[in-house]
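The paragraphs below lead through one protein model, starting with its strands and ending with its surface. Please keep the sequence and the 3D view open while reading.

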Amino acid sequence: MARTKDLYKPSRRKNGEGVGKFCTVNLKEDIAIEFKLLVKAYSEVYGQKMTPTQVIKRLMDAGVKRCDPDVHAVFSRLKEAGAPEPVLESDPTKGNVWERRYFAVKDGDKIELQVGDKQPFYGKFNGKDVGLWKFIQEGYTFMNDAGIEINEDQAKIIAQTIKTNK
């Protein structure tokens, strides 16, 4: 039973402009599983493949307006004012880094990594223990449990700090 509603479609890019940028949204695993089911449900009801972007946009446009009209009013005002300045995250190499958890993240796939011997971090990839560089080569982003992206140099510093404080 397909519905006929206007669904969000990003504006078409001119030839040679490439694809739009994607970003990672950190969700708890149980919420991410429910969200995947929600995307599937939308696809079944609308009779076409829905993307997570389309579902989120639909919920932002209609759901917030109905559930939280005050939030929607502020959201609309902020949206008209333009994109906010990026928030500068704190340095992931500072503080009690040994108390954090570390992940390789790609397209909703989140693999926990541990401090390694040959490479700063390692984890299971296709059933094998592989180092951080393999995850990066495969397009994964290295981040901590606070959602802060970590580059290769920072990974080395964090791993060394963890080894020193064990």
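How many residues lie between β2 and β3 in the hairpin they form? The model in view is a predicted one, and in it five residues stand between β2 and β3. Strand β3 covers residues 121-125, runs antiparallel to β2, and is joined to β2 by two bridges. One position to look for here is Val115, whose bridge partner in β3 is Phe121.

On its other side in sequence, β2 (residues 109-115) pairs with β1 (residues 102-106). That pairing is antiparallel as well and extends over five bridges. Val105 can serve as a marker, since Lys110 in β2 stands opposite Val105. β1 and β2 also form a hairpin, with two residues between the strands. In the turn, Asp107 has a positive phi of about 50°.

These hairpins belong to a protein with five helices and five strands. Along the sequence the elements follow the order α-α-α-β-β-β-β-α-β-α. The chain has 166 residues, and 23% of them are buried. Among contacts with a separation of 6 or more, 49% are between residues 24 or more positions apart.

Val105 leads on to a later part of the chain. Thr141 is placed in strand β5, which covers residues 141-144. Although Thr141 and Val105 are 36 residues apart along the chain, their C-alpha atoms are separated by 5.1 Å. With sequence neighbours within four places left aside, Thr141 is in contact with Phe103, Ala104, Val105 and Glu149.

Glu149 turns up again in the surroundings of Gln154. This glutamine, Gln154, lies in helix α5, residues 152-164. Is Gln154 buried or exposed? Its relative accessibility is 19%, and because buried means under 20%, Gln154 counts as buried. Apart from residues up to four places away in sequence, Gln154 touches Asp91, Pro92, Thr93 and Glu149.

Charged side chains give another way to follow the chain. The structure holds five salt bridges, and one of them is formed by Asp145 and Arg100, whose closest N and O atoms are 2.6 Å apart. This pair links distant parts of the chain: Asp145 is in the loop between β5 and α5, and Arg100 is in the loop between α3 and β1, 45 residues apart. Asp145 counts as partly exposed at 38% relative accessibility. Arg100 is also partly exposed, with a relative accessible area of 38%.

A salt bridge also joins the side chains of Glu112 and Arg101, at 3.0 Å from N to O. Glu112 lies in strand β2 and Arg101 in the loop between α3 and β1, so this salt bridge ties together parts that are 11 residues apart in sequence. Glu112 is partly exposed at 33% relative accessibility, and Arg101 is partly exposed at 44%.

Lys124 and Asp129 form a further salt bridge through their side chains, at 3.3 Å from N to O. Why does Lys124 count as exposed? The relative accessibility of Lys124 is 51%, and exposed means over 50%, so Lys124 falls in that class.

The loop that holds Arg100 follows α3 and comes before β1. Helix α3 spans residues 69-81, 13 residues in total. From its first C-alpha to its last, α3 reaches 18 Å, close to the 18 Å expected at 1.5 Å a residue. Just after α3, Gly82 takes a positive phi of about 110°.

The last stop is the surface. The protein has an accessible surface of about 12900 Å², and carbon and sulfur atoms account for 52% of that area. Which residues make a nonpolar surface patch of about 260 Å²? Val25, Leu27 and Ile31 make this patch. Ile31 is found in helix α1, residues 29-46. With a relative accessible area of 42%, Ile31 is partly exposed.

Conventions: Residues are numbered from 1 along each chain as its sequence is written. This is a predicted model: local features need pLDDT of at least 70, side-chain atom pairs count only at pLDDT 80 or more; totals for chains, interfaces and linings use all residues. Side-chain values use heavy atoms; hydrogens and water are left out. Helices (H or I, at least four residues) and strands (E, at least two) are DSSP runs, numbered from the N terminus. The expected span of a helix is 1.5 Å times one less than its number of residues. Contact means heavy atoms within 4.5 Å. Buried means under 20% relative accessible area, exposed over 50%, partly exposed in between (1.4 Å probe, protein chains only). Patches are made of residues with over 30% relative accessible area and no salt bridge: like charges are joined within 9 Å, nonpolar side chains (Val, Leu, Ile, Met, Phe, Trp, Tyr) within 5 Å. Accessible areas come from the Shrake-Rupley method with a 1.4 Å probe; for residues, only the protein chains shown count as cover. A salt bridge is a side-chain nitrogen of Lys or Arg within 4 Å of a carboxyl oxygen of Asp or Glu. Two strands pair if DSSP finds at least two bridges between them.
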